[in-house]
Amino acid sequence: NKPAGYVCSSLDEKGRPEAYSLLKGQYKERLYNVGRLDMMSSGAIIFTNDGDLCAYLEHPSSGIEKEYEIETFLPFSNDVLDFFMRGIRIEGIFYRAFRVSRLGKCKMRIVLIEGKNRELRRVLQYFQVKIKKLTRVRIGNVHLGSLEEGKSRELESYEIEKLKEL
């Protein structure tokens with residue numbers, strides 16, 4: 001469970017804290033992070049020593065769902081969710097959510113499959129919606145659950161097998 005303030009990079013030239021550092025001393029082999037979360041986002045990130053699995057899970061053709069919960073500073077219009085669900089082009093890039101739902105006046109859930117760089121932040125900024133907190137709560141069948149920020153757990157063998165089947 002990556003806390004906000006950590007980057008998803010194995011070497012940061014700016015000296016910022018790295019998500020990988022939360023695992024230091026636990027593993028001897030080289031680990032790859034599956035996908036990225038920007039520095040200000042928190043939540044589920046998978047690290048693996050299996051480069052083929054990492055490449056498969058990261059590729060859009062795998063169809064792996066990534067689910068996010070987003071809290072906003074102010075209430076937002078349903079139009080934001082409707083447009084994102086239908087698809088919207090911003091600065092020449094087409095963005096479309098796989099599934100959206102409103103969880104409250106200032107809270108939404110969005111499921112992506114492709115997940116372009118900073119997609120959620122770019123779409124919400126386009127609608128002038130300011131993000132208070134962005135958390136990835138699920139990657140495929142792997143749920144963040146009650147795992148505390150900064151903590152990690154080993155995936156169960158059935159979770160790994162299910163990820164490979166998706």
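**Exercise 1.** At what angle do helix α1 (residues 51–58) and helix α4 (residues 157–165) pack, and how far apart are their axes? Classify the arrangement and describe the contact.

*Solution.* The model is predicted, and the steps below are to be read with that in mind. Two packed helices are described by the angle between their axes and the distance between the axes. For α1 and α4 the angle is about 55°, and the axes lie 10 Å apart. Angles from 65 to 115 degrees would count as roughly perpendicular and those under 35 degrees as roughly parallel, so that α1 is oblique to α4. The crossing of these two helices is left-handed. On the side of α1, the contact is made by Leu53, Tyr56 and Leu57, which meet Ile160, Leu163, Lys164 and Glu165 of α4. Sorted by character, the residues of this contact are five nonpolar, no polar and two charged.

**Exercise 2.** Which residues of α1 are buried, and which elements do they pack against? Carry out the corresponding analysis for α2.

*Solution.* In α1, the buried residues are Leu53, Cys54 and Leu57. They cover an arc of only 100° around the axis, and therefore sit on the same side of α1. An α-helix has 3.6 residues a turn, so residues three or four places apart point the same way. The buried residues of α1 pack against the strands β1 (32–34), β3 (46–48) and β4 (66–72), as well as against α4.

In helix α2 (residues 78–86), the buried residues are Val80, Leu81 and Phe84. Their arc around the axis is only 90°, which places them on the same side of α2. Among the elements that cover them are the strands β6 (93–95), β7 (99–104) and β8 (107–112), together with helix α3 (119–126).

**Exercise 3.** Where are glutamate 91 and glutamine 128 found, and what is the phi of glutamate 91 and of glutamine 128? Decide, too, whether each is buried or exposed.

*Solution.* Most residues other than glycine have a negative phi, and most peptide bonds are trans. Glutamate 91, in the loop between β5 (88–90) and β6, has a positive phi near 50° although the residue is not a glycine. Its relative accessibility is 80%, so glutamate 91 counts as exposed. Glutamine 128, in the loop between α3 and β9 (131–139), likewise is not a glycine and has a positive phi of about 60°. With a relative accessible area of 72%, glutamine 128 is exposed.

Note on methods:
Residues are numbered from 1 along each chain as its sequence is written. This is a predicted model: local features need pLDDT of at least 70, side-chain atom pairs count only at pLDDT 80 or more; totals for chains, interfaces and linings use all residues. Side-chain values use heavy atoms; hydrogens and water are left out. Axes are lines fitted to C-alpha atoms, for helices over the stretch in contact, and angles run from 0 to 180 degrees between N-to-C directions. Helices (H or I, at least four residues) and strands (E, at least two) are DSSP runs, numbered from the N terminus. Angles under 35 degrees count as roughly parallel, over 145 as roughly antiparallel, 65 to 115 as roughly perpendicular and the rest as oblique. A crossing is left-handed if the near helix is turned anticlockwise from the far one by less than a right angle, and right-handed if clockwise. Contact means heavy atoms within 4.5 Å. Ala, Val, Leu, Ile, Met, Phe, Trp, Tyr, Cys and Pro count as nonpolar, Asp, Glu, Lys and Arg as charged, and the others, Gly among them, as polar. Buried means under 20% relative accessible area, exposed over 50%, partly exposed in between (1.4 Å probe, protein chains only). The arc is that of the directions from the helix axis to the C-beta atoms.
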